[in-house]
Amino acid sequence: MSVWLELGAVAMCLPAWFLAGRLAQQIKLPLITGYLVAGAVSGPSLLQLFRANGLASLGFVDHTCLGVIALAAGAELRVSELKKTKRQVVCITLGISLLSWLAVFMAIMMLTPFLPFLRHRTHQQQQAVASLAGTLAIARSPASAIAVMRECDAKGPFCSTVMAVVVVKDVLLFVCLAMNLEFANMAMVAAPQGFNVSHMLQPALSVLVSMGLGAVGGAALGALLNAKPATLPRPFAVLGRSLPQPVIASWKPAAVLVAAATTFFSAVSFTAEPLLACVVAGLITTNRRSAKNAHEQLTGCLSQLMPIVYVAFFGLAGASLKLGSFVGSLWVAAILCLVRAGGIWGGCWLGCWLGGTPAEHRRQMWYGMITQAGVAMGLAKTVAVRFPEWGPDFATLMTCAITMNMMAGPPCFKRAIAQVGESRALLHPNLSLDLDDAPETSSKQEEKQRQLLRTVSDSPARALQPVRRPDDGHSPVPSSQLEAGPAGMV
């Protein structure tokens, strides 16, 4: 009965959480920030609309939302686009992952005396927790990267490389986290005995089982999305003809939700890593060859699901925050953010140099790798559920650091896009649309336009020369009309 009461409380809070996200967007903050703050206000620490033990009974809601978020992350990895810049992407991904993990790992180990949930643990257990924190530092939000690129109307080689690195890095993140969770579990349960060969094989087996379940789930979801009314069994076809059109139109998003939840809970039942299984399911579905528009099919369904998934997941995440621990973690979180940024800068420089990335992109690449959002917070909450003794305090610290990165990252990425000259939204919106519809331009004309965009970003007060194409009939756009769109992202 208590589960239904908590679900009723969630249903009543959803509109308020949604409006809080829109309010955050109006004051140039990410939507997720509004959801988290509203959830924290309605949680046990303040308004007490939820009970602490009642939130624990809503774990299945968290797990379902996590499955959808992980599936969406896998859906962003398109193998056909990755092949074009695979050397650069691999080098940059490995550089950032290695150095950011190392920087945060060392920072946590040095800050252990100031962290109550680690202070009295063994050295091996401290190393396991520090490794988990370093692994979460690898995370970068694909959704926020897409949001900033759409806001800037950004296209070009720099943005393509950033997006490929972001998605590949998140797939690597799930594999690394799956293994780190197994190592942390062994360190907490059997620390005195240490590790042996069987301990090393267990995480690898868990990863393989997760990938197998994800492949099965992705193939099944792909078949469902590819299904046509004529190919359905007769009972389903008759039922489809009797249902209203809105219900029929929503069955594919419902199939994605069911597939994500089924894949997640199947992995849990096999003691595998559910998030990795859902990522693989998304990757298989979006890259299947049986449908030419496979990616568009899946992303279209996810675009209908994600708003309600984000509101529910991050509202509940805010409600479960321990506000006292959150405030006390601010200074440690700030140090972790700075250390992570240093690791990202070093990893980007090293990866770009090894991958042969142009010098101009090399200087700006690290600005596009700072933001963290939904995936990172979801993984932090996974740690809290997996290790109830110390996991909530760990998740609170990491959520604090992730929130700081979530606020600092989008402006940095927006600046980098402007610096490399790939932000067409710096020009008048109508002119940007005309340029999209225009015939192909020469490489010299494209370079001239990018140079103009760099001038805008470097000297915003300088009067700009009119921009027009030969014989296009458009009037010049005065510099007073140049403006950027509002910030707002998930």
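Two residues are in contact when they have heavy atoms within 4.5 Å. In this predicted model, take the contacts between residues at least 6 apart in sequence: 83% of them join residues at least 24 apart.

The secondary structure is quickly told. The protein has 23 helices and zero strands. Of its 490 residues, 52% are buried. The exposed surface comes to about 23000 Å². Carbon and sulfur atoms supply 66% of that area.

Start with one helix, H14. Helix H14 covers residues 251–269, 19 residues in total. From first C-alpha to last, H14 reaches 26 Å. That is close to the 27 Å expected at 1.5 Å a residue. Which residues of H14 are buried? Five positions are alanines: Ala 255, Ala 259, Ala 260, Ala 261 and Ala 267. Pro 253, Val 256, Thr 263 and Phe 264 complete the buried set. After H14 comes Thr 271, with a positive phi near 55°.

Now turn to a lysine in another helix. Lys 381 sits in helix H20, which spans residues 374–386. Is Lys 381 buried or exposed? Its relative accessible area is 15%. Buried means under 20%, so Lys 381 counts as buried.

What does the side chain of Lys 381 meet? It makes a polar contact with the side chain of Asp 62, at 2.9 Å. Asp 62 also appears in the wider contact list of Lys 381, which leaves aside neighbours within four places in sequence. The other residues on that list are Phe 313, Leu 316, Ala 317 and Ser 320.

Conventions:
Residues are numbered from 1 along each chain as its sequence is written. This is a predicted model: local features need pLDDT of at least 70, side-chain atom pairs count only at pLDDT 80 or more; totals for chains, interfaces and linings use all residues. Side-chain values use heavy atoms; hydrogens and water are left out. Helices (H or I, at least four residues) and strands (E, at least two) are DSSP runs, numbered from the N terminus. Buried means under 20% relative accessible area, exposed over 50%, partly exposed in between (1.4 Å probe, protein chains only). Accessible areas come from the Shrake-Rupley method with a 1.4 Å probe; for residues, only the protein chains shown count as cover. The expected span of a helix is 1.5 Å times one less than its number of residues. A polar contact is a pair of N or O atoms within 3.5 Å; within protein, one must be able to donate a hydrogen and the other to accept it, and residues adjacent in sequence count only if both atoms are side-chain atoms.
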